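Please look through the sequence and the model below before reading on, and keep both at hand while you follow the report.

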Amino acid sequence: MRDLEILSGAFEKIKAYINNNQDNSKPVVQFRTPAQLKEVINFKVEKNGVSEGEFLEMLDKYLEYSVKTGNKQFLNQLYSGFNFPAFIGEVFTVLANTSMYTYEVAPVATTIEAEMISLMNSYAGYTDGDGIFLSGGSNANLVAMFSARNRVLPESRFDGYDRSQKLVAFVNAQAHYSFETAANVIGIGAKNVIKVKADNEGRLIPAELEKEIANAINRGETPFFVAATCATTLLGAYDPIDEMAKICKKYNIWLHADGSFGGSIILSDKHRHLMKGIEETDSFAWNPHKLMNIPLICSALLVKKRGTLQHNITDINTDYIFHDIDAIEDLGKKSIQCGRKVDAVKLWFAWKYFGLEGYQNRIDNLIDMATYAESIVNEHPKLELLSNRQSFAVCFRYIPSKETDLNKFNLELRESLRKSGKSIVNYGYIAKTLAVRLITANGELQKSDIDLFFSHLLFEADKLES
Ligand SMILES: *Cc1c(COP(=O)(O)O)cnc(C)c1O
């Protein structure tokens with residue numbers, strides 16, 4: 001009884017929240033310091049449970065002080081937006097609470113995951129591919145590197161990795177830090193991830209890659225893994241996969257595409273050329289929780305060759321879980337997780353809801369919005385574009401009238417904008433220059449949202465100048 005009453009109260013709050021996402025006059029965050037937060041929310045778990053009213057109040061407070069990532073002024077991270085069918089998918093997934101290891105306990109979800117992997121593989125051009133959903137792009141990169149290690153040193157699964165084998169990996173100097181973590185975890189060591197020089201736009205330079213590979217071989221090392229980043233975190237640059245594939249073929253090195261950020265561009269007929277050569281890669285990390293706006297976490301690692309993932313897990317004998325009686329592959333045999341959350345179902349709900357073409361349009365819209373934001377920067381006398389836009393990231397800064405430390409000014413600008421609660425945008429450094437980074441990740445962004453963002457930014461800049 002009590003639970004059902006809470007449920008109807010919660011339902012009203014969900015409806016109000018979803019409505020507010022569309023309302024640009026609502027703040028994207030009500031900024032509070034940790035100490036201030038403790039004043040407005042009682043975080044302590046106490047001896048007796050709370051009343052129904054107190055429970056509903058907890059729901060309110062949680063939403064009130066969380067960052068509204070579904071608000072269109074949230075332009076901070078590589079993910080954003082509120083995806084209604086995917087939200088429903090998430091709720092129903094949790095409601096059923098099945099686990100991905102066996103068909104026995106998750107028959108529908110297992111079949112859905114297989115369908116999603118097969119659809120994603122069709123975009124990647126992996127005709128005999130396979131894949132698995134896992135807990136994020138970082139872990140997809142880890143499993144890719146792990147698979148590459150097991151290809152060159154199959155016995156390392158049993159014997160462990162011996163440093164005398166000197167495996168080395170190569171990534172764009174601006175690649176995601178998860179490759180170093182991966183090398184650490186699988187025993188190669190983070191120092192053996194070699195950072196290859198990028199050009200001014202942030203793309204790995206193939207000739208530099210080949211030079212680094214040759215140097216490593218001369219040092220007696222064994223190159224085993226190369227990653228092409230498909231949209232780097234700061235500049236949104238796409239590495240030239242096709243040229244990197246030629247080099248990897250020549251030296252027989254595993255080529256991975258880290259599309260954790262920009263992999264979803266493969267859905268777009270217009271822009272897919274940025275990933276030319278993807279079918280030549282051995283693996284591909286694709287995060288629907290970024291540009292497809294699926295609630296976190298929704299992330300897949302695709303592999304070109306069926307059997308690769310099972311091979312990693314070796315012949316661990318766990319009869320008590322895997323009975324092999326349902327004439328379908330138990331996905332747990334391909335995963336480094338045992339219990340695994342169902343992350344494919346929310347993607348399936350969303351893809352079914354929007355359709356293949358609908359999703360393509362959402363991705364095209366993201367590029368259109370980034371192009372629009374770039375044009376505003378180019379046209380405004382006080383805004384300076386700091387790097388040619390490649391995809392979904394626009395890096396710029398504000399130039400005040402009076403001479404001043406531009407890094408300091410732009411950092412303050414970003415902070416005062418964030419604390420105003422009106423818009424959130426991130427920043428990073430291009431060499432030593434602080435760049436404000438605007439990301440178009442929310443598939444429902446419109447020009448008016450971008451206009452509003454710049455009017456908020458310019459308002460704060462004006463305040464700082466005076
Ligand atoms: C976000 C990102 C990652 C990490 O993905 P998570 O899902 O956050 O673990 C890896 N590589 C790139 C290029 C990314 O943008």
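The report that follows goes through the surroundings of the ligand, the salt bridges, the backbone and the surface.

The model shown here is a predicted one, and every value in this report was computed from it.

## Around the ligand

A shell of 15 residues surrounds the ligand, and the closest of them are Gly137, Ser138, Asp258, Asn287 and Lys290. When the residues of this shell are sorted by character, they divide into three nonpolar, ten polar and two charged. Helix α6, which runs over residues 137–152, gives the most to the shell, with three residues.

Some of the contacts can be described atom by atom. Ser138 has a polar side-chain atom that lies 2.7 Å from an oxygen atom of the ligand, and His289 likewise places a polar side-chain atom 3.2 Å from an oxygen atom of the ligand. With Asp258 the ligand takes part through a nitrogen atom, which is 2.7 Å from an N or O atom in the side chain of Asp258. On its own the ligand has 380 Å² of accessible area, and the protein covers 86% of it.

## Salt bridges

The model contains 31 salt bridges in total, and the table below sets out some of them, with the distance given from N to O.

| Pair | Distance |
|---|---|
| Lys15 and Glu12 | 3.9 Å |
| Glu444 and Arg362 | 3.1 Å |
| Glu465 and Lys382 | 2.8 Å |

How far apart in helix α1 are Lys15 and Glu12? They are three residues apart in this helix, which covers residues 2–21, and therefore they are separated by about one helical turn. Lys15 counts as partly exposed, at 41% relative accessibility, and Glu12 is also partly exposed, with a relative accessible area of 46%.

The salt bridge between Glu444 and Arg362, whose closest N and O atoms are 3.1 Å apart, has its partners in separate parts of the chain. Glu444 lies in the loop between β12 (433–439) and α14 (447–465), whereas Arg362 lies in helix α12 (residues 344–379), so the pair ties together parts that are 82 residues apart in sequence. Is Arg362 buried or exposed? Arg362 is buried, because its relative accessible area is 7% and the word applies to values under 20%. Its partner Glu444 counts as partly exposed, at 29% relative accessibility.

In the salt bridge formed by Glu465 and Lys382, the closest N and O atoms are 2.8 Å apart. Glu465 belongs to helix α14 and Lys382 to the loop between α12 and β9 (383–385), so this pair ties together parts that are 83 residues apart in sequence. Glu465 counts as partly exposed at 22% relative accessibility, and Lys382 is partly exposed as well, with a relative accessible area of 22%. Elsewhere, salt bridges that share partners join Glu90, Lys341, Asp343 and Lys346 into one network.

## The backbone

Most residues other than glycine have a negative phi, and most peptide bonds are trans. With that in mind, a few places in this model deserve a careful look.

Asn97 has a phi near 45 degrees, which is a positive value in a residue other than glycine. This residue, Asn97, lies in the loop between α4 (84–96) and α5 (107–124), and it is exposed, with a relative accessible area of 63%. Asn252 also has a positive phi, near 55 degrees. Asn252 lies in the loop between α10 (241–251) and β6 (254–259), and it is exposed, with a relative accessible area of 58%.

Which residues does a cis peptide bond join? The bond lies between Leu296 and Ile297, and its omega is about -10 degrees. Ile297 is found in the loop between β7 (283–286) and β8 (299–303).

## At the surface

Val50, Phe55 and Met58 form a nonpolar patch on the surface, and together they have about 230 Å² of accessible area. Met58 lies in helix α3, which covers residues 52–65, and it is partly exposed, with a relative accessible area of 43%.

Gly187 lies in the loop between α8 (178–185) and β4 (193–196), and it is partly exposed, with a relative accessible area of 37%. Gly187 and Leu167 are 20 residues apart in sequence, while their C-alpha atoms are 9.7 Å apart in space.

Note on methods: Residues numbered from 1 in each chain as written. Predicted model: local features only at pLDDT ≥ 70, side-chain atom pairs only at ≥ 80, totals over all residues. Heavy atoms only, no water. Patch = residues over 30% accessible without salt bridge, like charges linked within 9 Å, V, L, I, M, F, W, Y side chains within 5 Å. Areas by Shrake-Rupley, 256 points an atom, 1.4 Å probe, with all protein chains shown as cover. Salt bridge = Lys/Arg side-chain N within 4 Å of Asp/Glu carboxyl O. Helix = DSSP H or I, 4+ residues; strand = E, 2+ residues; numbered from the N terminus. Buried < 20%, exposed > 50% of the residue type's maximum accessible area, 1.4 Å probe, protein only. Near = heavy atom within 4 Å. Polar contact = N/O pair within 3.5 Å; in protein donor to acceptor, adjacent residues only side chain to side chain. Nonpolar A, V, L, I, M, F, W, Y, C, P; charged D, E, K, R; others polar.
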